[in-house]
Number of protein chains: 2
Amino acid sequence: MDGRVDGRAKRATLQTVADEVGVSRTTVSNAYGRPDQLNKALRERIFEAARRLGYPGPDATARSLRRGRAGAIGLVFTETLSYAFADPYSVGFLRGVAEVAEESGTGLLLIPMPPGSGDPETAVRNAVVDGFCLYCVPGGHPAKELIRARGLPLVTTDETDDPSIPYVGIDERGSARMAAEHIVRLGHRRVAVMVDHVSGPGTTGPATLDEQRASDCADLRGRLAGYRDALDEVGVAWESVRVVAAGRNSRTAAASQSAHILDVAERPTAVLAIGDVLALGVLDACEQRGLVPGRDISVVGFDDVPEAERARLTTVRQPMGEKGRMAGRLVLEPPREEKVPRIKLPTELVVRTTTGPAPR
Amino acid sequence: MDGRVDGRAKRATLQTVADEVGVSRTTVSNAYGRPDQLNKALRERIFEAARRLGYPGPDATARSLRRGRAGAIGLVFTETLSYAFADPYSVGFLRGVAEVAEESGTGLLLIPMPPGSGDPETAVRNAVVDGFCLYCVPGGHPAKELIRARGLPLVTTDETDDPSIPYVGIDERGSARMAAEHIVRLGHRRVAVMVDHVSGPGTTGPATLDEQRASDCADLRGRLAGYRDALDEVGVAWESVRVVAAGRNSRTAAASQSAHILDVAERPTAVLAIGDVLALGVLDACEQRGLVPGRDISVVGFDDVPEAERARLTTVRQPMGEKGRMAGRLVLEPPREEKVPRIKLPTELVVRTTTGPAPR
DNA sequence: CACCGTTTCTGTATCGATTAAGTCTGTATC
DNA sequence: GATACAGACTTAATCGATACAGAAACGGTG
């Protein structure tokens, strides 16, 4: 009998070490956390005893509790991990967050909540973090309320969200408009759009207007609206624009769903893709069909991921890394002011060779 | 004065709610964690009070401490985040870990420790996790000892490491040998090898034998040894094999460093790349030079990432996802047996079109 | 010697929760 | 009418550490 109420295995703790050396718990704690608070020789003796007893150093959880700091920020996203990382854009964003996190000795806790997975609540509730970054979490997601309820600093990158949540992103609509205006100026009038998915993931092929409006992703809606703005201006009816869903944000999916765009009568002369990964897929499909981008057909992406440059893809550049850094900073040091920050970072149209004058 | 010794802002806690409702702390705790332990009506009253007081539910850190479970596993790697995610192989591995983690309601704490970054110790020490997965952490890394010292379950994916650490991986040497044997059977005798980096990251260009041997990455050494095995067998001296470092594991870096292979007198007829990403870069370089893979030159990769199929790349397939799942499981449920698990997963040569008979 | 500023440790309160074991209260069983 | 028993809570003991106010010891000073 060791008299403890729960049957845990006994482990060395601060107290164990303190007893061994014959000092107070506090002193042992200081030996680890504030070397200046005690005599150097004593510190050595403490370490030596710790080694002998197999004491692994202050327990991270206990330390977190006492200090009131978890030392990590939670990254919540509704995609599968592989998804989230398959897209270089996401990676860029993550990297940004990681950079600022690292500067302050903070870790990143990944909290994926793909649609099908059970009980996202628990994950959020048990996450030992100092704040959350929401990333691709649609407005009505059940976990969202829970996250807010935890009362920790919170930043989202999804546009037109609850205005009480700090936001960092870009002008989705305006940026998309830039892309479409470019196309329009080149004389294109028969235009198609490639998206990842409008309603649930997995839905592929042409999407109706209703479906477009019903999309739970504000960013997507913003971009579509931007395209529409530009097309409206030159009198192209949005109803005539075929919006095709790849089903998921992947190059191969986009390539295969490109059939709905490329293999139809009255083939569009330009394709607007809401992400570079999709645009690259469209380019693959063009290549298979012997269509030369920039001559036979124009393709515009969005994001400007590294691979876009290799493919000479015309696209909208958004500062993904900066977005991540910004978001990270906002979580780590929430501004004290009353008004909720809503930051829009600048974007830029990068014209390469996949766009050209509309063929007659 | 609120009489508290440290000046923290007061927040609602279990006790606050308990007092408000007039029950014990335990009961409130049960309301959240064990609904069957109390009356349904009382439970509602508790929640109602919690809402009124703005109590966000049990504190994750405190819960972790008391329960003795952090609810996360730490993922330690020595690359930059962007690095780690840029490679589809890594992503596959991560995904595997994430899958099993998710099944048990566990999060993933990313702990990147790129060479230049300061104080990896703190990150490891403060990580609130139940175990660690080491990923690309070379043998002598300073953090390694620290991680072990924490006494938590630990799994590594780096070969020929300390035999006391559970390991899951593949037969690097044998697998590489398969790749090289394939090339050899096709009649190739002038062979080059493309690696990411031998000594520190950033070192590019041809690597000397000494540098190869000095590499801190056991996996790399294993693969090189495998290539060598096959070449030795047909009398190709390893000294005659040019080993070129791309500097980092990226497609563009590999493409540009391919000059050291493709633009030399007596150009090799086959290139063995220790990873698909590098192989793809080599293919890019070939394309630029008008060399047709499989005819003018043969290229073999390693990993079989999704993109390899698109590129019709001959490569060695390794079960990245399975590796991750395995590693995750080993951390989550460390086997009780005495002997340290050392698991080698099977690999397979996938022959596609980037390899062909040696040109005469 | 009284007074002072340091350096080095100790004591106590606290962080916010979970849990095994105990206390009551009624109800069912024999 | 005594005993067992389930239901609904409460008690008390932790989990493992850190913060802060003090206290003892010490050398230097006028």
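## How the two chains relate

Turn chain B by 180° with 0.0 Å of shift along the rotation axis and it superposes on chain A with an RMSD of 0.1 Å (a least-squares fit on the C-alpha atoms of residues with pLDDT of at least 70 in both copies). That is how a two-fold axis relates things. Within chain B, Leu109(B) has the C-alpha nearest the axis, 2.2 Å from it.

The copies meet through the same surface, since 100% of the interface residues of chain B are also interface residues in chain A.

This is a predicted model, where local features need pLDDT of at least 70, side-chain atom pairs count only at pLDDT 80 or more, and totals for chains, interfaces and linings use all residues. Residues are numbered from 1 along each chain as its sequence is written, chains are lettered from A and ligands numbered from 1 in the order in which they are written, and side-chain values use heavy atoms, with hydrogens and water left out.

## A sheet in chain A

In chain A, five strands make an open, mixed sheet in the order 7-8-6-9-10. Strands here are DSSP runs of E, at least two residues, and helices are runs of H or I, at least four, numbered from the N terminus; two strands pair if DSSP finds at least two bridges between them.

Strand 6 (residues 191–195) and strand 9 (residues 270–273) of chain A run parallel, joined by four bridges. Met194(A) sits opposite Ala273(A) of strand 9.

## Helices on the sheet

Helix 9 (residues 172–185) of chain A packs on the sheet, touching strands 6, 9 and 10 (contact means heavy atoms within 4.5 Å). The direction of helix 9 makes about 175° with that of strand 9; axes are lines fitted to C-alpha atoms, for helices over the stretch in contact, and angles run from 0 to 180 degrees between N-to-C directions.
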